[in-house]
Each structure stands twice: as C-alpha cells, then as structure tokens.
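Biologist: Got a minute to go through this assembly with me? I'd like to start with how the chains relate and then get into the contacts.

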Protein chains: 4
Amino acid sequence: VIVSLALGADAAAVRRELAARGLWIEAVERGAQAGDVFLVVSSYSAAVDSAEIAGIPGVRTVSVPVSAHPRIDEQGPVVDVGGVPVGANPLVFAGPCSVESEEQILRLALRLSALGVSFLRGGAFKPRTSPYSFQGHGEIALGWMRRAAHAARLKVVTEAMSEADVPLVAEYADLVQIGSRNMQNFALLKAVGRSTRPALLKRGMAATVEEWLLAAEYLLSHGSRGVVLCERGIRGISGGETRNLLDLGAVALLSHVHRLPVIVDPSHGVGRRDLIAPLSRAALAAGAAGVMIEVHEDPGNALSDGPQALSPEQLAALMPSLLPSSTPSAQVSR
Amino acid sequence: VIVSLALGADAAAVRRELAARGLWIEAVERGAQAGDVFLVVSSYSAAVDSAEIAGIPGVRTVSVPVSAHPRIDEQGPVVDVGGVPVGANPLVFAGPCSVESEEQILRLALRLSALGVSFLRGGAFKPRTSPYSFQGHGEIALGWMRRAAHAARLKVVTEAMSEADVPLVAEYADLVQIGSRNMQNFALLKAVGRSTRPALLKRGMAATVEEWLLAAEYLLSHGSRGVVLCERGIRGISGGETRNLLDLGAVALLSHVHRLPVIVDPSHGVGRRDLIAPLSRAALAAGAAGVMIEVHEDPGNALSDGPQALSPEQLAALMPSLLPSSTPSAQVSR
Amino acid sequence: VIVSLALGADAAAVRRELAARGLWIEAVERGAQAGDVFLVVSSYSAAVDSAEIAGIPGVRTVSVPVSAHPRIDEQGPVVDVGGVPVGANPLVFAGPCSVESEEQILRLALRLSALGVSFLRGGAFKPRTSPYSFQGHGEIALGWMRRAAHAARLKVVTEAMSEADVPLVAEYADLVQIGSRNMQNFALLKAVGRSTRPALLKRGMAATVEEWLLAAEYLLSHGSRGVVLCERGIRGISGGETRNLLDLGAVALLSHVHRLPVIVDPSHGVGRRDLIAPLSRAALAAGAAGVMIEVHEDPGNALSDGPQALSPEQLAALMPSLLPSSTPSAQVSR
Amino acid sequence: VIVSLALGADAAAVRRELAARGLWIEAVERGAQAGDVFLVVSSYSAAVDSAEIAGIPGVRTVSVPVSAHPRIDEQGPVVDVGGVPVGANPLVFAGPCSVESEEQILRLALRLSALGVSFLRGGAFKPRTSPYSFQGHGEIALGWMRRAAHAARLKVVTEAMSEADVPLVAEYADLVQIGSRNMQNFALLKAVGRSTRPALLKRGMAATVEEWLLAAEYLLSHGSRGVVLCERGIRGISGGETRNLLDLGAVALLSHVHRLPVIVDPSHGVGRRDLIAPLSRAALAAGAAGVMIEVHEDPGNALSDGPQALSPEQLAALMPSLLPSSTPSAQVSR
C-alpha cells in the first residue's frame, strides 16, 4: 500500500493514525518536488479499507496492490470435498505414510473412522529423496485405499507425482495431493487442475506465502474445483532437533486474514512422534482447518517414515483434544 | 546417539526396533573391518533410555552425547520469580513496548492486573535498529515501572542492554530480560549472571536450540538463579507477510522434551496485531509457560511498535481463551 | 566419521591430531562402560584417509559414512556434452531467458559464438511463478534454437519442464536442463534419465548439497550419461537487495572436494545486471566449470527477465576476464 | 523507488524502459481514481538517476527512499587505518584465532609480514558459544600483539567484546573488531564509536545488508573515524558441509554499488581449511577489499579453531594468487 501525503501534511500525525490501525510504515520516499512524500505501508497489518485510510487528514492518495491471484482470493474458506466441507469444522486426516497392503489399509481405515477421522491419507506413489528407497506400490495401492475408505466411510487424499498418473489418481482420490517438492512443478499443477478434482497443495520447503498462493492460482485457473493448502514445515535455521520449521504464523495469516482452508501436517513438520500431540493442538488453535497425521499400526515395520508415525492408540488418546465435540461412537454406528 | 552393531547382526531388524521407538537412523557408517557397522541415530526422537536400546538384539554398544550445558539440563520446568512460579500454570506478561511516563505505566499496570496479567513488561532501555530512533527513557523509567508494578501487584520484566546498567536493572526488575540481539553478547550474559536475578533469555534471530541452551548455561554458570526462555520468532524464508517465523516446534521441544519454561512473544514473532490472538492460543497449546504481549492504551501514540500493540480492550477479549480458569475479579480485590 | 578411542587414550591428544588434519569434533559421546568414548568428526573437513586417522595413537576404530549416491561419487569432474568437455576449461553458457523468434536466436547465437561462448542457453518451456505470465513458445522454439546453434557451432542447453516433453527436448538439446523448482520432481528426473542425454541439474532453492547429489543420483541411475550441476542461488536471509544467496562455498566444495563440474548462474543468483561481472569472475575463482549468463540484444524488449540480462556488448566487455586465453577472432573464423 | 504513471500512459512501454535500465517492477498498485497507477520498482537494480527515470514518457513522478544511514552512505570506499588505506588495493589480514603467547605472536607476525600480510589479526577476548571454552588471555595478549605488530610493521585488528574493555582495546588496536554476535549490541557499538578508532564490523549471522549498514551508522554517529565491513558467512540452508553461507553477492553489492570497503573472512565463512584458497580468490574477484585468514604455526595445538587454520606455508602458497603484484621481499626489507 502506497500513501501519498498532501502538501504540508503533518507526516507524524499520519504515522500515528496508521499505527492506530495496525499499519507499519516500511519506507518513506521523497519525490523531486519539495513536499512530495510517499509512504510505503507494509503488509504487516490487517486488511484495512483503503477508503478509511484515504480519510485520514493529510493523506492525498492511497493505492493498493493489484493481486496476482484473483481466483484463490475469491475462493473462500470452505472447500467441498466429496461432500465434506473442509474449512468448516476441524478435521483429522490420518493414515500411513505408504499404503502397504490391502489388509493393512482396510483394518486401519476402520479404526481411524471409529476415532472420528474424516480423511484417509496414504501414499501409493512416494516422493523419496534417494532413488534407492521404496517408491510406493503404485496403482494397485490406489485401489486398496479406495476400497478401504469406502468401507470405513472416509474420504481419500493421496499424492500424484507424475503428470501421467494424474487421471488415475484423480479417479481414486477425493482430494489430490501435490507434495512439497512439486509445489512449483507447473506441468503437474496444470495436469491436476485439468482433472477438476479438489487439490491439497503442500507448501514448498522454501516457498513464500505469495508463491504458494500463485501455485494455487495455477490449479484454479486450470480447472481445480477448490484448493486446500497444507503447511508441512519449511527449511530454516535449525540444529536438527526438529526436521523443519512449522510455520504456524503463516497458518494464522492464511486462515484469519486470507480466509482460506489450511491443513497442518505436524508429522513432516517436525519429524518426531513425541511432538505431534502439542503441535496438532497448536495448529488448530492457530486457525488450521485440520491436521494430517501419520498413523501406522506397527510403526517399527512401516515401509517408510515409521519413526514419526503414531500408533492408533496414540491417536485415540489425542483425538479428544483435537475434536472436543466429536462423538466417535455415533460415527462408528453409521 | 551412536549404536554399534554386533558382528552378524541383522541391521534391518535393529532399524525396525529403533523406528518402533521413534528413532531415525541418520547415517550408516562402516569401519575398516568387515562387519563393523555404526548407526548415527538422530535427535529427531524422544529421549529414550540408552539401556533400553542396548537391550535390542544385535546392538553391541550405545553411546550418548555428553551435554555441553549440564546446569540448564538440570534446572527443571519451573523458575521462581519473586514468588511467582513461572512454568507452573500459564501466565500472561503484558505492557507497552516503551515505558513512556509514570502515569501511563501506572494506569496500564492497574488495568492489566485486573485482567489477570502477572508480569508487567516495558522497555526503559530500547534496542533500536537505527541510531536515530527513540532509545528509551532509561533509569527514570525503571522507577516508574517498579512503582506501577508494586501498586498493581505485578512482577516486573525489563531489558538490560548494557553491562554497565545491569546492577541498576537488576535492582528494579524481578526478571532481567536479555534481548534477541544480545543472546550471544557474552559480556552481558556474564554480568546478568553475576546479578543472580532470574533472567528471561530471548532467542537470537538465527540461533539454534543448542546455542540458546548454551547461552542459558552462561547465565547459570555465572550466577543466575534461574533462566526462562523466550521464543520471539526467528529469521527465515518469508515474503514479508509476517515479520519473523514463530518457531512453535522449538517451544514444544523445549517444553515437552527438555522440560524448561518457555514464554512466547507473538507481538515480535509476527509483528502484526491481527494475528496475536490465534498465535497466543497456539503458543500455549504447544506447551508455552506463558505469552508476552505488547499492550498500549493508545497504540497510535506509542513511542515505538504501536502497530503491533493490542489495546487493553483487545487483551481483555483475549484473556479468557488464554487463562480459562482465571478469576480476574478476585485478583483485583487482592 | 566416527572415531572410537582406545581405553585410557588421551582424548586431548587425539583432538590435536585431528585438528592438525583440519578435522573438527562435533560431538563427544560416551558409552555405558567407563572409557567408551566416541568422537563424531564433522564433515567440515578435507577428505582424509581413514587409515591415516586409524594410525593416530589412541584411536581404536574409525568408521566412514556409507554414501547414498555411489554413481555421482564416481562420475568424475568432466562430462562430455556433444564433444565439449564440461569441467575441463572454463566455459561460458549464454543466451536469452526466452527464445522469442528464429531471427532473434540466430543473430544472437552468431554474436555469442564470436565472443567465445560455448553453449547457447534459452527457454522454450518457461517455469513462471504466475500462471498468467508468458509460458514460452514451446516446441517451435526448440527448432529455432537448434538451427541457430548449428549455424553458430554452439551446443544447446534448454529446460524440460514436463515428463511428456522430455523426448522432444532431448532430441533438440545437447544438455537437458532441470530447473530449480523441479530438482526433486522425481518423475521428471526419471524421464530425463531415461533419455540418456547429459543433464544440467539446477540446485533447488532450499536444497542441501546432499539432496542435490541424490537428485543427480536419480538421473544417473535412470540412464543419464552425465550430470553437470548448476548453482543459481538459494533462499535465505536477505533484505531483497539480491534476489537469492549465491552459494559459492558449495561451488568450491563440489569442485574441489567432490570433484564434480558445477556451472554458476549469476543472473538468477542475484537477479541484477550490475553484479553479474564480479560474480562471474568470483564463480570461476571458486572453482566453477563455467558460468551461465542471460544475454539479450534488447533487454528492454525481452519477453521475460529483461532487467537481469546483459547486452551482447556488456558480455563482450566481460569475456576477457572470464576466459583470459580465449581467442575470439580465431573462433569466429571457424 | 515508486513511479507513478501519467493518466493514459502506456504501462507496458514504461515497463520496457525500466527493464532496459535493469529495473524490476515488484508490484503494481492502483489508486481509487481510474488511471492512478503506481509501480514499486525494486532494489534489484543499479542505482539509476531518478531524473533519468522521470524523463521516460508516461512517467508522472519518481520518488526515492530516504536513507536511514546517511553517514555510512557518504563514507566512501577507502578507510585510513593507521596510515594503511583499506579499500585501495587488496589486503591480507592474517593471524591466529587466539593470541596464545608473546613468542607465538611475534614469530608469526614476522613470518606473515614477510609474506605480504598487512594486518595482524588475533583474539585476546574470545566469543565462545560455550561458557566452558577458553575465553582468551585478555589484556596481556593485547600487549603481546601490539609489540609483535610493531616489530613486524603490521597493523593490529582485534575484537572488543565488552563495553568496559573498549578503551583498552582501542589503545592497542588500529582497527577495533566487532564480532558477528555483537553486530546489534548497541551499547558496544556506541562505546566503540566513542573511542573514535576505525572499526571492523562483522555481519551478524542473520543480518540483512540494511541492518548491517544501520549498525555501521551507530558507529559513525557515535564517533568512529571509519567503518570497514566484514562478511563472514551467514546462517542458512546447509547440510553441514560448510559451516555458514559465505554471501559474496552481498560483498559485490556493497563494493560495487554502495562503494564501501568489505573484508571477507573465509575461515569462519566455511569453517574448513581446504576451501580457504578458492574462496579467498573468489572474494577478491567479487570486489572484497581484502581477506582475513586464520593462520597458526601448529594448527593441531591451537587453543581454538585449529581445524580451520592454515599453516604459514599454506598461506605462503596462496599469497601470489591473492596479491599478484606484491613483492614480499621488498616488504621484508623495510
């Protein structure tokens, strides 16, 4: 936001009025003619009506940035995913890192559903840093997951890693996940957009909020019926005690100022089982639309990410503090 | 943690047992002799008893790091500050960025006390990025603050910026604050330590948790009677929407694993008034011992940081969600 | 590297011997039995023969990490790209951000060749942060570029963004570029690998050196005939004066310790025309195998990235300090 | 820089003219009245005369930021330190991490002088992350260093860590160093300023260039006769292979655009002996006024930082590529 001052205006008085509205002045600029003063008013501030700023004595003009992502700006805080309104009440997404067998996923899906979980997460195609790590069971796992979710009355969220696989993934998933490493894989964003499925867009490891919103804009402008954001920790200063920096400030910003649905993934955010409970609660307190948690019946035998997975029992103990009003028994009886 | 394997051990089986305990293997190393295998087990994991790991079949030896900060490791989760146990129940620290006049601080202290606030914060000596900004009213403001806190039955926390001022600040303050920019100002840490006062140690803007704990060790090893940590946001990837990255993962880690008291300062963490409420709640959910919030009766006229200050009315609206069981009226009647 | 000490060894003496060899001790660990001491020796150090460390008095065993990327470790410092040995003598890669017309690229290719440039760079498929920005002319631009390079006796490097386009790009390019945003787009890495073409792998904006090497391993393990790395600046603390942080420390490390060819792209690294000359010279001094510079005949009319492009005249002025021994006139006469 | 457009101006044509001058448009803003368009033109650009921009057809007004650090802006590229013009020709600063004994420093000073070194560096007061590490020999080491430098005709640079020690350090040193951890220790900056000695200001580990310049402004506004900047690596994404990120982009910017003298410290920048040679050359190529290198006669026995120190022989091998025209023998004969 740029505010220009009227000739002879009391700059200090204008500064006080802006401060009273929570607005910082980031820079003061002067034009060639005496008295030409421009204030660069920062984005560290609530959205304020520019007409209100224009009314401050001493203000000549107020300009506001032209948004580069009009579609996501207009989306709204709730995205319908197969009948479930993501962004309305807090939701829990849970499941294994990798879908390992039909039995595994069915048994787990039933337990998760009974606990009040809404979305079954699980990987069929796995992004792995090393080419020599397990890469997922692929298409067959999509079918296992779909059938398990159907039996347990859960929605399915799973990742598409390749443009070529998008139609397949979109057929099996209610919500198509785009992983952190692919947040700016524009070919994939376009392909997922064309599928028209709602998408879960994980934040890139070094992405600003603006870049994240522009990636969402790619999805919407190519056809996605809705975008749910997912914060999963970003790179930063760290001595290694937590794997990533979980940016709950961005979650609060997107939720309370941009009014968009954001899911938080504390499992990848910190990479340690012992901090998932407090950080899940913190995520919801910050304004998250839900949390996504890795759960495995036997973390020691998980094909990937076992050390950060909760057991179903650990999730059961956590659920009441995440969804205080949920009535798991009623859900079981559906 | 380094785990060496017995000759002929099944490395995959050991890996599964470690994963079951939430422990990641960061690196595998091999010695000169066939069969010499060492696993570097990462800190992304709960503190696990090394005897338990030693009992896993196939494990030959287990070693654990020698801590470089034994005193802070032993401090414990509660620090007594003038009779108030910081770390026991959630607390609110509040007050203006700068102490501006005796009347200001007295009137505000009484209002804050009535709302359930425990500590009066306020700057007499102000660290300012520019040499031309207001640098604080200095010693006289310490007296104003002390008398206001006495009248309102609050504790005082205020910053010491200069070694020379430490005796003075320690005389007026219950808790001596060390600012982010001084977290590794070792001369200041030693001087504050020698004062024996409990200290509030803000995290440096690029400090790892280990460096932060070593700074606390400086304080304790030079005489401080206790150290309370304060997370206030670190530098990181950001498009400027929030001023800093509030690292609630570190708060959860220090609170739940290290068992140390950590206060969170969302005012500096994100620098915007509109996110203070959700992030204060998130901080407590993550395990913070309290929150420190900038409050000013007339933010537009604050001498510093007005745009991020709450009004007393805004704080009043927030308090019930921070301290659900507090009974402000009872506290007023003290 | 983990060094275990013999019983009764003088730990301080071992530390001195390690320091003399440039090796830091990052952590000291102790086992359950008295005298069991393990030193974690850091990677901040030259590659030292483990047999030499094993010979230090007091050292019992030495182990070294098992590399997760054996193929790239063995590749060597020179990659043949269509007969040009990248990594032998310093090379200049130059060309426009986007290939805009057949005439543009032909005229420019001839000028660049006359200046001593070896590789023609240019985008046919452009990764753009916004879906509303120019996305490149696509396949037709590949043909323009190939013909221009043929006429000017240059090699072609251009980016593949989509798995589906890889066969096409591999047909036209001598070196297939993988952009920063796709460094961990594993589907694309596999597709480029299968094409068998040498690849230019740009570093991801938040990638560690280890992750970068693992991405190179994906390429090699799927068939690439060679990988040239490209440092183009990473995300970091910055007030915006330079767009990214150009990590010449990583370039020195990869070049002098890992002995791999690394090209540096200062145009994207700092995003400003006025720093390209000194940073190109610095890149070569740090050990880069070459520099990649955006050049446009009329930067004001470039379809993308004009502000950071050099004019051919500016490149001509820079060339002598990059390739002191080059004899452009001789090259023109080819 | 903010550019406002004339009513009916062709925004695309203005954009082209700006691009031709290396100027990026970071944001476009619109005012309340149709046709009110403001362009935020970024700092990724050479300093351009605002009158020239004002002359572009379609531009109505141009404003430029008011600098917050006028004194350092006017300082100029050369600082006289005891008769040596820092910033004129490349210089080498060398010496041990800690000054360990009178004999050590004298013998080393004589060798360094013979090699063409200009400044003797060495620590009397050492900033150490752990309170249990060697903290330096203090005042006595200042005397040893001064006498050694006198005998060897070198200038002295050494660090002041405590306000109380500033008068003492200023008495012994030609150039008073402020360490990274104290870059925003404003009490220390004021005290060093009052000493009037020229200062060597190391960049804080998370400091932006703007904050660094404001810290320099503290020094100058309190009396320093000149400020030499020192880049020593900042915190960032790193897998640990190099200790810090050496930001040579900032060095190029400060040297070529701000025209200020910047010394580069590759020893702390990467923390590894094997990369000091290429990065020293790269620093000078980027525009550094000199390099500061840790040198110890017997790195294995150094009291601190031995693993990153060069031996005098290693420095001797490096000098010709740093100061090609230096004639060490002539200097020895002084």
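Biologist: What turn and what shift along the axis lay chain A on chain B?

Modeller: Keep in mind that this is a predicted model. A turn of 180° with a shift of 0.0 Å along the axis puts chain A on chain B, and the RMSD is 0.0 Å. In chain A, Ala282(A) has the C-alpha nearest that axis, 2.0 Å away.

Biologist: And which surface do the two copies use there?

Modeller: The same surface serves both, as 100% of the contact residues of chain A recur in chain B.

Biologist: How many residues are in contact between chain A and chain B, and what area gets buried?

Modeller: There are 54 residues of chain A touching 54 residues of chain B. The buried area comes to about 4,300 Å², with carbon and sulfur atoms giving 65% of it.

Biologist: How many salt bridges across that one?

Modeller: Zero between chain A and chain B by the rule used.

Biologist: OK, helices. How do the H11 axes of chain A and chain B cross?

Modeller: Helix H11 (residues 276-286) of chain A and its counterpart H11 of chain B have axes that come within 7 Å and cross at roughly 170°. That angle makes H11(A) roughly antiparallel to H11(B).

Biologist: Which residues make that contact?

Modeller: From H11(A) you get Pro278(A), Leu279(A), Arg281(A), Ala282(A), Ala285(A) and Ala286(A), and from H11(B) you get Pro278(B), Leu279(B), Arg281(B), Ala282(B), Ala285(B) and Ala286(B). By class, the contact of H11(A) with H11(B) has ten nonpolar residues, two charged and no polar ones. Ala282(A) is also the residue whose C-alpha is nearest the axis in chain A.

Biologist: Switching over: what turn lays chain C on chain A?

Modeller: A turn of 180°, with a shift of 0.0 Å along the axis and an RMSD of 0.0 Å. That is the relation of a two-fold axis. Ala206(C) comes closest to this rotation axis among the residues of chain C, with its C-alpha at 2.8 Å.

Biologist: Why do you say chain C and chain A meet through the same surface?

Modeller: Because 100% of the interface residues of chain C are interface residues in chain A too. The contact takes 31 residues from each of chain C and chain A.

Biologist: What area is buried there?

Modeller: About 2,500 Å² between chain C and chain A, and carbon and sulfur atoms give 51% of that.

Biologist: How many salt bridges between chain C and chain A?

Modeller: The rule finds two across that interface. One salt bridge pairs Glu211(C) with Arg235(A), where the closest N and O atoms are 2.5 Å apart.

Biologist: Now chain C against chain D. At what angle do their H11 axes cross?

Modeller: Roughly 170°, and the axes of H11 (residues 276-286) in chain C and in chain D come within 7 Å. So H11(C) is roughly antiparallel to H11(D). Residues in this contact include Leu279(C) and Ala282(C) from H11(C), and Leu279(D) and Ala282(D) from H11(D). The class count for H11(C) with H11(D) is ten nonpolar, no polar and two charged.

Biologist: Last one, inside chain D: how do H9 and H11(D) cross?

Modeller: At roughly 30°, with the axes of helix H9 (residues 248-257) of chain D and H11(D) coming within 8 Å. Leu248(D), Val251(D), Ala252(D) and His256(D) of H9(D) meet Ala282(D), Ala283(D) and Ala286(D) of H11(D). By class, that contact has six nonpolar residues, one polar and no charged.

Terms used. Residues are numbered from 1 along each chain as its sequence is written. Chains are lettered from A and ligands numbered from 1 in the order in which they are written. This is a predicted model: local features need pLDDT of at least 70, side-chain atom pairs count only at pLDDT 80 or more; totals for chains, interfaces and linings use all residues. Side-chain values use heavy atoms; hydrogens and water are left out. Copies are superposed by least squares on the C-alpha atoms of residues with pLDDT of at least 70 in both. Contact means heavy atoms within 4.5 Å. Axes are lines fitted to C-alpha atoms, for helices over the stretch in contact, and angles run from 0 to 180 degrees between N-to-C directions. Helices (H or I, at least four residues) and strands (E, at least two) are DSSP runs, numbered from the N terminus. Angles under 35 degrees count as roughly parallel, over 145 as roughly antiparallel, 65 to 115 as roughly perpendicular and the rest as oblique. Ala, Val, Leu, Ile, Met, Phe, Trp, Tyr, Cys and Pro count as nonpolar, Asp, Glu, Lys and Arg as charged, and the others, Gly among them, as polar. Buried area is the accessible area (1.4 Å probe) that two parts lose on being put together, summed over both. A salt bridge is a side-chain nitrogen of Lys or Arg within 4 Å of a carboxyl oxygen of Asp or Glu.
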